[in-house]
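This report describes the fold of one protein chain, starting from its sheet and ending with its charged side-chain pairs. The sequence and the structure come first.

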Amino acid sequence: MRDDEDMATGARHTLGRQLNFAAKAARGYMEQHLAAAGSSFAVWTALFALKAKGPLIQRELADMLGVEGPTLTRHLARMEAEGLIVRRRTSSDRRAAIVDLTDAGRQTFERLSAVVSTSGEHVLDGFSPEEIEQFVGYLSRVIGNVETFSPARRHTPVHS
């Protein structure tokens, strides 16, 4: 019994490091493939959020993506220039902008979905469908725990 407790304690001590390395490795891998497709991870996550949740107020999108407003503003300006999104001011709050996908944005989302799907298959190579389902469940629980104990970061992340 003591060995199991020691192993669990050791695993808890390396968990943050392992999560960090896994996230960086997977994101870097996807970034390479998205760049080869003429895009980026930032564009992909914004397109994914807008496709999943529909038009969003810009600050809601920033919260959902876990980025600061000015960072998102730069990405959205580039995406708007490329014709992927449109931003409209709301009638109730002229300071708030609603962000929506264009037809070109939806087409780019579909094209990049194939890139992300293939990259995801490579990242999860060797895992059974059941293991992938469990892994996603474990990650969702980690995210939920972090949100529970981090009141300043309560938002619903978008999972790709």
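Strand 3 is largely enclosed by the rest of the structure, because four of its five residues are buried. The model is a predicted one, and every value below is computed from it.

**The sheet**

Strand 3 belongs to an open sheet of three strands, arranged in the order 1-3-2 with antiparallel pairing. The edges of this sheet are formed by strand 1 (56–57) and strand 2, each of which pairs on one side only. Strands of a sheet pair through backbone hydrogen bonds, either parallel or antiparallel.

The antiparallel pairing between strand 2 and strand 3 runs over five bridges. Within this pairing, Ile85 lies opposite Leu101 of strand 3, and Arg88 lies opposite Ile98 of strand 3. Strand 1 is joined to strand 3 by two bridges, also in the antiparallel sense. Here Leu56 has Val99 of strand 3 as its bridge partner.

Which helices pack on the sheet? Helix 2 does so, touching strand 1, strand 2 and strand 3, and its direction makes about 90 degrees with that of strand 3. Helix 4 also packs on the sheet, where it touches strand 2 and strand 3; the angle between the directions of helix 4 and strand 2 is about 115 degrees.

**Helix 4**

Helix 4 covers residues 69–81, which is 13 residues. From its first C-alpha to its last it reaches 18 Å, close to the 18 Å expected at 1.5 Å a residue. Leu72, Leu76 and Met79 are buried in this helix. Seen down the axis, the buried residues of helix 4 fall within an arc of 60 degrees, so they line one face of the helix.

What do the buried residues of helix 4 pack against? Their partners are helix 2 (41–53), helix 3 (58–65), strand 2 (85–89) and strand 3 (97–101). The face turned away from the buried side of helix 4 carries the exposed residues Pro70, Arg74 and Ala81. Just after helix 4, Gly83 adopts a positive phi of about 80 degrees.

**Salt bridges**

Side chains of opposite charge can pair when their charged atoms come close. How many salt bridges does a search of the whole structure find? The search finds three, and they are listed here with their N to O distances.

| Salt bridge | Distance, N to O |
|---|---|
| Arg27 and Glu31 | 3.9 Å |
| Glu80 and Arg87 | 2.9 Å |
| Arg106 and Asp103 | 3.0 Å |

Arg27 and Glu31 are both located in helix 1 (residues 2–36), four residues apart, about one turn of the helix. Arg27 counts as partly exposed because its relative accessibility is 42%, between the limits of 20% and 50%. Glu31 is also partly exposed, with a relative accessible area of 24%.

In the pair of Glu80 and Arg87, the closest side-chain N and O atoms are 2.9 Å apart. Glu80 has a relative accessible area of 32% and is partly exposed. For Arg87 the relative accessible area is 25%, so this residue too is partly exposed.

Arg106 and Asp103 share helix 5 (residues 103–123), where they are three residues apart, about one turn of the helix. Is Asp103 buried or exposed? Asp103 counts as exposed, at 56% relative accessibility, whereas its partner Arg106 is partly exposed at 33%.

**The chain as a whole**

The secondary structure of the protein chain consists of six helices and three strands. Along the sequence these elements follow the pattern α-α-β-α-α-β-β-α-α. The chain has 160 residues, of which 26% count as buried. Of the contacts between residues at least 6 apart in sequence, 49% join residues at least 24 apart.

Key. Residues numbered from 1 in each chain as written. Predicted model: local features only at pLDDT ≥ 70, side-chain atom pairs only at ≥ 80, totals over all residues. Heavy atoms only, no water. Salt bridge = Lys/Arg side-chain N within 4 Å of Asp/Glu carboxyl O. Buried < 20%, exposed > 50% of the residue type's maximum accessible area, 1.4 Å probe, protein only. Expected span 1.5 Å × (residues − 1). Arc of directions from axis to C-beta. Contact = heavy atoms within 4.5 Å. Pairing = 2+ DSSP bridges. Axes fitted to C-alpha atoms, helices over the stretch in contact; angles between N-to-C directions.
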